[in-house]
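Biologist: I am new to this structure, and I would like to understand how its contacts earn their names. Could we go through them together?

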Amino acid sequence: MKPVTAPADRTKEFLTEERCWIVEAWNDPSDGAVSIARARVEPGVVTRPHRLNGVVERYVIVEGTGRVKVGDLPATEAGPGDVVIIPAGVAQSIENTGTGNLVFYCVCTPRFTPGCYEAVEG
């Protein structure tokens, strides 16, 4: 792998089916080990429950407050600086409990591909 700087292009932000805005910060087939996306959840929104099959995901909260639900664990409050670990195949959702945007990075290993995504019943 060669060194690279990959500037984020926030003009490419898109809304997912799970009600979360995403900007792909790094998701390249040349680096199958990891992908990084910036997620934004608007106030009052709860994302659709889903799981990533074969992919471990970490949320790194950078702005706002939320309540995250991972698997059978009780819902947990999360805010700036918190990290949420989501094992592969475990259902997850997050609710923005604040008055501004909830912003976090999703770090996936191996990298996220649409084929790993599975919606689950809430």
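Modeller: What follows is a set of questions and answers on cysteines, aromatic rings and charged side chains, and the model we are discussing is a predicted one.

Biologist: How many disulfides does the structure hold, and how do you know that?

Modeller: The structure holds zero disulfides. The cysteine sulfur nearest to that of Cys-106 belongs to Cys-20 and is 6.2 Å away, whereas a disulfide needs two sulfur atoms within 2.5 Å, so Cys-106 is in no disulfide. For Cys-108 the closest cysteine sulfur is in Cys-106, at 6.2 Å, which is too far for a bond.

Biologist: What makes Cys-108 count as buried?

Modeller: Its relative accessibility is 4%, and because buried means under 20%, Cys-108 counts as buried. Cys-106, with a relative accessible area of 8%, is buried too.

Biologist: Why is the pair of Tyr-59 and Phe-104 called tilted?

Modeller: The structure holds one aromatic pair. In this pair, formed by Tyr-59 and Phe-104, the ring centres are 4.5 Å apart and the planes make an angle of 45°. Centres within 6.5 Å count as a pair, and planes under 30 degrees apart would be stacked while those over 60 would be edge-to-face, so the angle here leaves the name tilted. Tyr-59 lies in strand β5 and Phe-104 in strand β10, so the pair ties together parts that are 45 residues apart in sequence. Tyr-59 is buried at 3% relative accessible area, and Phe-104 is buried at 2%.

Biologist: What makes the contact between Arg-40 and Glu-13 a salt bridge?

Modeller: The distance from N to O is 2.9 Å, and because the limit is 4 Å, the contact of Arg-40 and Glu-13 is a salt bridge. Arg-40 sits in strand β3 and Glu-13 in the segment before β1, 27 residues apart. These two residues also belong to a network of salt bridges that links Glu-13, Arg-38, Arg-40 and Glu-42.

Biologist: Why is Arg-40 called buried, and why is Glu-13 called partly exposed?

Modeller: Arg-40 has a relative accessible area of 12%, which is under 20% and therefore buried. Glu-13 has 24%, and because partly exposed lies between 20% and 50%, Glu-13 is partly exposed.

Biologist: How do you know that Glu-17 and Arg-48 meet in a salt bridge?

Modeller: Their N to O distance is 3.4 Å, which is within 4 Å and therefore meets the definition. Glu-17 is exposed, with a relative accessible area of 64%, whereas Arg-48, at 28%, counts as partly exposed.

Methods
Residues numbered from 1 in each chain as written. Predicted model: local features only at pLDDT ≥ 70, side-chain atom pairs only at ≥ 80, totals over all residues. Heavy atoms only, no water. Buried < 20%, exposed > 50% of the residue type's maximum accessible area, 1.4 Å probe, protein only. Phe/Tyr/Trp six-rings, centres within 6.5 Å; stacked < 30°, edge-to-face > 60°. Helix = DSSP H or I, 4+ residues; strand = E, 2+ residues; numbered from the N terminus. Salt bridge = Lys/Arg side-chain N within 4 Å of Asp/Glu carboxyl O.
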